[in-house]
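Me: Please take a close look at one chain of this model for me, going from the whole chain down to a single residue. I am in my first year, so please explain each term when it comes up.

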Amino acid sequence: MSGTSARGSGSADSDHTRHLLHQMLRVRRLEEQCVELYSAAKIRGFLHVYIGEEAVAAGVMSTLAPEDAVVATYREHGHALLRGVSAGAILAEMYGYVEGCCRGRGGSMHLFDAATRFYGGNAIVAGGLPLAVGLALADKMSGRSRVTACFFGEGAVAEGAFHESLNLAALWQLPVLFCCENNLYAMGTALARSESQTDIALKAAAYEISSWSADGMDVLAVEEAARRAVDAVRAGGGPHFLELRTYRFRAHSMFDPERYREKTEVSRWMERDPINTLRNALETAGQLTEKDWKKIQQDVDAEVKAAVEFAEAGTLEPVEELTRFVYSERSPQ
Amino acid sequence: MKTTYREAMRAAIRDALQRDERVFLMGEDVGAYGGCFAVSLGLFEEFGPERIRDTPLSESGFVGAGIGAALGGMRPIVEIMTVNFSLLALDQLVNNAATLLHMSGGQFNVPLVIRMTTGAGRQLGAQHSHSLEGWYAHIPGLRILTPATLEDARGMLWTALEDPDPVLIFEHGTLYNVAGDLADDAGPVDISTAAVRRPGKDISLITYGGTLPAVLDAATQLAAEGIDAEVLDLRVLRPLDDAAVLGSVARTHRAVVVDEGWRSGSISAELSARITENAFFDLDAPVGRVCSAEVPLPYAKHLELAALPTAERIVAAAREAVGARG
């Protein structure tokens with residue numbers, strides 16, 4: 001288990017690294033707030049938080065351009081936030097309010113945002129992969145050099161849609177970045193208990209897709225791997241695949257009693273907390289003062305507080321509008 | 001001009017490809033092979049492999065890719081070889097295509113057209129012969145079309161491509177060889193209304209798709225017996241054209257629904273329920289139904305025939321309804 005080292009000595013580099021630290025903390029605090037709000041019964045349904053895995057979304061998102069597309073899973077609050085959806089719109093969605101990013105129609109597992117090309121929020125494991133392939137197909141057929149980043153967990157690897165999608169993307173050389181967030185458990189089923197071949201990057205390689213693994217607890221390692229892959233995809237190099245090895249610190253959902261893993265395993269991984277690790281590395285390198293850290297925390301706390309206030313002030317969509325958005329409000333010509 | 005249902009469908013696809021560069025056809029063997037049922041024959045040579053795109057046998061993958069491409073600004077036509085194979089893509093159809101607009105609060109519509117063959121009558125056994133369009137009609141968010149005539153085979157596709165939401169087109173396998181006259185200027189038709197194919201005053205025979213020819217045949221036979229049957233072709237199974245159904249029943253006071261799907265939990269059950277709910281006091285007889293026998297479709301010709309709605313059974317059901325006149 002290697003520690004993160006703060007790379008680069010230039011001020012631009014350290015600014016950027018502090019920015020990544022800030023991004024990860026935004027996700028962490030928002031998720032902690034979600035758990036609190038769930039306990040207070042402000043949020044209902046299923047809630048899956050990303051605590052522990054922040055380096056993955058932060059590292060990958062940092063390499064994407066505004067015109068790129070993102071497809072994510074039901075554990076996607078952090079992806080939405082880092083893609084540019086406001087924390088207020090995310091929380092209001094979970095409150096079920098019309099001010100939410102999907103007017104309260106989607107909830108925690110189905111966050112969408114057209115403005116940032118955030119295509120969900122998909123609660124069917126591997127259900128988003130074919131969509132990502134199609135988004136990339138549209139880009140390729142239209143001659144656009146955009147990238148579609150598709151996040152999914154290692155549990156998706158067991159689904160047929162995973163294999164169909166990798167094959168299609170490789171066969172048609174589509175600009176997809178597949179990001180496998182390998183947190184070792186598909187809900188409660190350990191990777192080794194569900195896959196005959198546990199080397200996930202190898203599965204992608206079998207489809208002739210360039211693939212490699214990166215330490216998903218190290219945001220700089222994730223970012224470096226993602227940048228290399230995104231650059232190659234954008235340059236017309238076809239799909240790329242990243243296996244990002246990470247760990248979920250909290251339960252699968254709010255209903256998970258965690259019978260399937262040892263507390264010692266969790267605490268061992270928590271020693272590699274991506275936020276603490278980066279903070280320590282920056283401090284050691286003299287690139288993060290006490291004042292810097294305080295400022296980051298203050299900014300994040302203010303953002304989350306404002307988001308809660310925004311959600312608390314939300315309103316319910318009139319029930320008369322129940323049947324809207326089943327079909328578009330423009331009828332066929 | 002003289003044409004066939006297959007050729008009319010091909011002309012519709014060619015027309016769409018010529019009209020809109022965002023349109024492309026994708027599916028198993030649509031290209032080099034010429035289409036399993038030869039609907040796309042020649043289009044690969046005419047439009048090339050990008051726009052007549054052969055796919056691997058990955059129904060979930062390429063239907064999902066169609067959804068993604070539609071989200072990305074294209075206007076895909078996805079062909080699924082038969083309705084039975086569409087079950088491999090049910091997740092994408094039901095969990096994504098039908099739900100994305102709603103889940104996203106109106107942000108992401110899916111302008112996708114999916115065509116597939118449906119129905120029995122060709123001795124293809126229980127994995128190529130079912131009529132599951134009624135199932136799909138259960139799903140909010142989808143539009144379900146069942147072209148039964150040359151005009152609809154020629155005209156529904158373009159209108160479907162203009163629909164901002166997912167449209168499923170079910171082409172009955174026994175219709176492809178139906179030949180007839182089609183106006184030279186035949187073009188887009190509406191995809192929201194039912195059509196009276198034969199006006200009549202004694203009974204409404206309500207059907208769609210592959211059973212329309214048998215129903216028209218039955219109506220001719222009934223006419224010889226002095227029973228004047230109205231034949232209503234639903235054309236669209238979702239959303240149902242309630243006004244046309246209820247209007248016909250209000251004129252005839254009797255109805256028999258003919259549906260190649262199984263009776264239990266079927267679109268015929270839905271129609272029967274709607275007529276009973278909304279036109280109970282117009283009825284002079286119980287609503288009748290002629291459906292497929294509740295068996296997986298068998299291969300042997302005599303058994304397959306015994307399972308399907310035939311003109312003879314439709315005539316018998318109509319006679320019973322008319323005989324029930326008070």
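Reply: Of the 326 residues of chain B, 57% count as buried, where buried means that 20 or more other C-beta atoms lie within 10 Å of the residue's own, exposed means 12 or fewer, and partly exposed covers what is in between, with the C-beta atoms placed from the backbone. This is a predicted model, in which local features need pLDDT of at least 70 and side-chain atom pairs count only at pLDDT 80 or more, while totals for chains, interfaces and linings use all residues. Residues are numbered from 1 along each chain as its sequence is written, and chains are lettered from A and ligands numbered from 1 in the order in which they are written.

Chain B contains 13 helices and 14 strands, these being DSSP runs numbered from the N terminus (H or I of at least four residues for a helix, E of at least two for a strand). Its radius of gyration is 20 Å, close to the 20 Å from the globule rule for 326 residues, so chain B is as compact as a globular protein of that length; the radius is taken over C-alpha atoms, and the rule is 2.2 Å times the number of residues to the power 0.38. Along the principal axes, the C-alpha trace of chain B spans about 60 × 45 × 40 Å.

Contacts add to this picture, two residues being in contact if their C-beta atoms, placed from the backbone, lie within 7 Å. Among contacts in chain B between residues at least 6 apart in sequence, 78% join residues at least 24 apart.

Turning to the partner chain, 37 residues of chain B are in contact with 36 residues of chain A. On the chain B side, two or more residues come from each of helix H3 (59–71), helix H5 (90–97), helix H6 (100–103) and helix H8 (150–162), and H3(B) gives the most, with ten residues.

Finally, one residue can be followed in detail: Lys201(B) sits in the loop between strand E9 (195–198) and strand E10 (203–207) of chain B. Lys201(B) counts as exposed because it has 12 C-beta neighbours inside 10 Å. Leaving out residues up to four places away in sequence, Lys201(B) touches Asp228(B), Arg251(B) and Thr252(B). His253(B) is 52 residues from Lys201(B) along the chain, yet their C-alpha atoms are separated by 8.5 Å.
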